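Here's a quick tour for anyone new to reading protein structures. Have a look at the picture, then work through the notes at your own pace.

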Amino acid sequence: MVIDDTIAAISTPIGAAGIGIIRLSGAKAVTIAEKIFRGKKKKLAETPTFSMSYGHIINGNGEIVDEVLVSVMRAPNSYTTEDVVEINCHGGVVAVRKVMGLVLKHGARTAEPGEFSKRAFLNGRIDLAQAESVIDLINAKTEKSFEVAVNQLTGVLSEKIKNLRRLLLELIAHIEAGIDFPDEDIEDINVSVIITTVREISGEVSRLIETSETGKVLREGIKTVIIGKPNVGKSSLLNALLREKRAIVTDVPGTTRDIIEEIVNIRGIPLKLVDTAGIRETEDFVEKIGVERSKEVFAGADLVLLMIDASTGLTDEDMGIIKLMKNKNYLVIINKTDLKMETDFSEIKNLVGEKDIVEMSLLTGEGLELLKDKIEKMVYAGKVFAQNEVMITNIRHKHSLERVMQSLEEAMKTIQHGMPVDCVAIDLKAAWEILGEITGETVNEDLVDQIFSQFCIGK
Ligand SMILES: Nc1nc2c(ncn2[C@@H]2O[C@H](COP(=O)(O)OP(=O)(O)OP(=O)(O)O)[C@@H](O)[C@H]2O)c(=O)[nH]1
Ligand SMILES: [Mg+2]
């Protein structure tokens, strides 16, 4: 693939802001910027790399468009490894659009989403897993998710994958040497060496796969729905976890009519928390729509928080909702424990088990920390992860690792069936190839395009 054009994009969000940045990358980046820039001192072409120049952007009529600072980062030490120019102009809608227009007029092309990062990958500065972590960094909702993404950007996952590929390659070479020199009688050593190494590699691959459940949650968040009868305190719970009066809370049943979704941070775990309209039979047209929508979001939830009102006891409506929850990850919250309890809730405790129940009072705040504990435990599922453990956060990586596992299992079967070792080499090569998809060493162009198209413009 030949990259010979110069791309440009507005790299900051459009809107009122202190500064807005237009970024250019490619062989003509400096030449294009030079045509529209009038500096105080040197020409851009004469400025050293990693320097900033003060001046103005000038349009075709010689009029000043904006006052700017222009930085020049020359190849190969730049984000894309090409010449990169960043024009810092005033933020806001007008200035950045005008400057962008001029840049395009003078020969740059509008960058596609993620095209800067794609160039960094195609030019070999970062591998595919690192490039993917860039988007995770931008999208991270909690510090923990950010930490995992930073880790991946530094290349820890890539290192691990490369190491496994090296081990496989050595093993394949070992086997092929045996095949090439059949008289040397190294067959016996081969089999035991192959078995140990394949086991070692499978162990590492399966450990990586094990981290993926938690990793995926850290990257994407868990879609959590608060559900229950009207007036049990669902909106109060959303507000308490968000530490903000986001949803309207009143003592009128049926207050929430629409779906309210917010990201909350529970011990570093991003929860996409959804407050719903209380579920009940209703004749009110608007509320009816709300109830139907509640049932829909419920269907797509990763975790359901079912709220029950301590002061009214368990009702038929509650039992109806509990029946809906089969096959779901859920916790039952008995709210309003500050009020006189109607029953001891033994019925529900027998039904769902104590460990999935949290007694709570949103009035006093009791039970909130316990709820967070339980959510945390659910996500980590009893697994302990070391501080800097390499985590699989990306579903694409997980799928590749699962296919690697299959190939390694095939290899083991081939050995156990006493087949010739060169048959084993075929499975090992497959595993080696698939591992390369993660770092992008063996990957096709369509997949690369698809991955980078998920990026934002200007990155
Ligand atoms: N005593 C007491 N009152 C509570 C508690 N939690 C919520 N409330 C009150 O219960 C009423 C209903 O709370 P909401 O949070 O609006 O309930 P909801 O489930 O969102 O109600 P709908 O939107 O109508 O379905 C409000 O008056 C809250 O102040 C609690 O723990 N104890
Ligand atoms: Mg509500």
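Which residues are closest to ligand 1? They are Gly233, Ser235, Ser236, Thr256 and Gly278, part of a surrounding set of 23 residues. Keep in mind that you're looking at a predicted model.

**Around the ligand**
- Helix α9, residues 234-242, gives the most to the shell around ligand 1, chipping in 3 residues.
- Sort the residues of that shell by type and you get 8 nonpolar, 11 polar and 4 charged.

**How the chain is divided**
- The protein chain splits into domain 1 (7-111), domain 2 (132-211 + 391-453) and domain 3 (220-380).
- Notice that domain 2 is written as two stretches of the chain, 132-211 and 391-453.
- Going by C-alpha atoms, the centres of domain 1 and domain 3 are 51 Å apart.

**The nonpolar core**
- In soluble globular proteins, nonpolar side chains tend to be buried together.
- Here, the largest nonpolar core is made of 110 residues, and Ala33, Leu305, Leu306 and Ile333 have the most contacts inside it.
- Helix α15 (residues 421-439) supplies the largest share of this core, with 9 residues.
- Zoom in on Leu305: leaving out residues up to four places away in sequence, Leu305 touches Thr224, Val225, Ile226, Ile227, Leu331 and Ile333.
- Ile333 therefore turns up twice, as a contact of Leu305 and among the core residues with the most contacts.

**Strands side by side**
- Strand β4 (residues 51-58) and strand β5 (residues 64-73) run antiparallel and are joined by 8 bridges.
- These two strands make a hairpin with 5 residues in between, and Gly62 in the turn has a positive phi of about 80 degrees.
- On its other pairing, β5 runs antiparallel to strand β6 (residues 84-90), with 5 bridges joining them.
- Try following Leu69 in β5: Tyr54 stands opposite Leu69, and Leu69 also stands opposite Asn88 in β6.

**A mostly covered helix**
- Is helix α3 (residues 115-122) mostly covered or mostly open? Mostly covered, since 7 of its 8 residues are buried.
- The buried ones are Glu115, Phe116, Ser117, Lys118, Arg119, Ala120 and Phe121.
- What do they pack against? Their partners are β1 (7-10), β2 (19-25), α4 (128-139) and α16 (445-453).
- After α3 comes Gly124, with a positive phi near 85 degrees.

Definitions and conventions: Residues numbered from 1 in each chain as written. Chains lettered and ligands numbered in written order. Predicted model: local features only at pLDDT ≥ 70, side-chain atom pairs only at ≥ 80, totals over all residues. Domains from an automatic or database assignment. Core = buried A, V, L, I, M, F, W, Y, C linked by C-beta atoms within 7 Å. Buried ≥ 20, exposed ≤ 12 C-beta atoms within 10 Å, placed from the backbone. Helix = DSSP H or I, 4+ residues; strand = E, 2+ residues; numbered from the N terminus. Contact = placed C-beta atoms within 7 Å. Pairing = 2+ DSSP bridges. Near = placed C-beta within 6 Å. Nonpolar A, V, L, I, M, F, W, Y, C, P; charged D, E, K, R; others polar.
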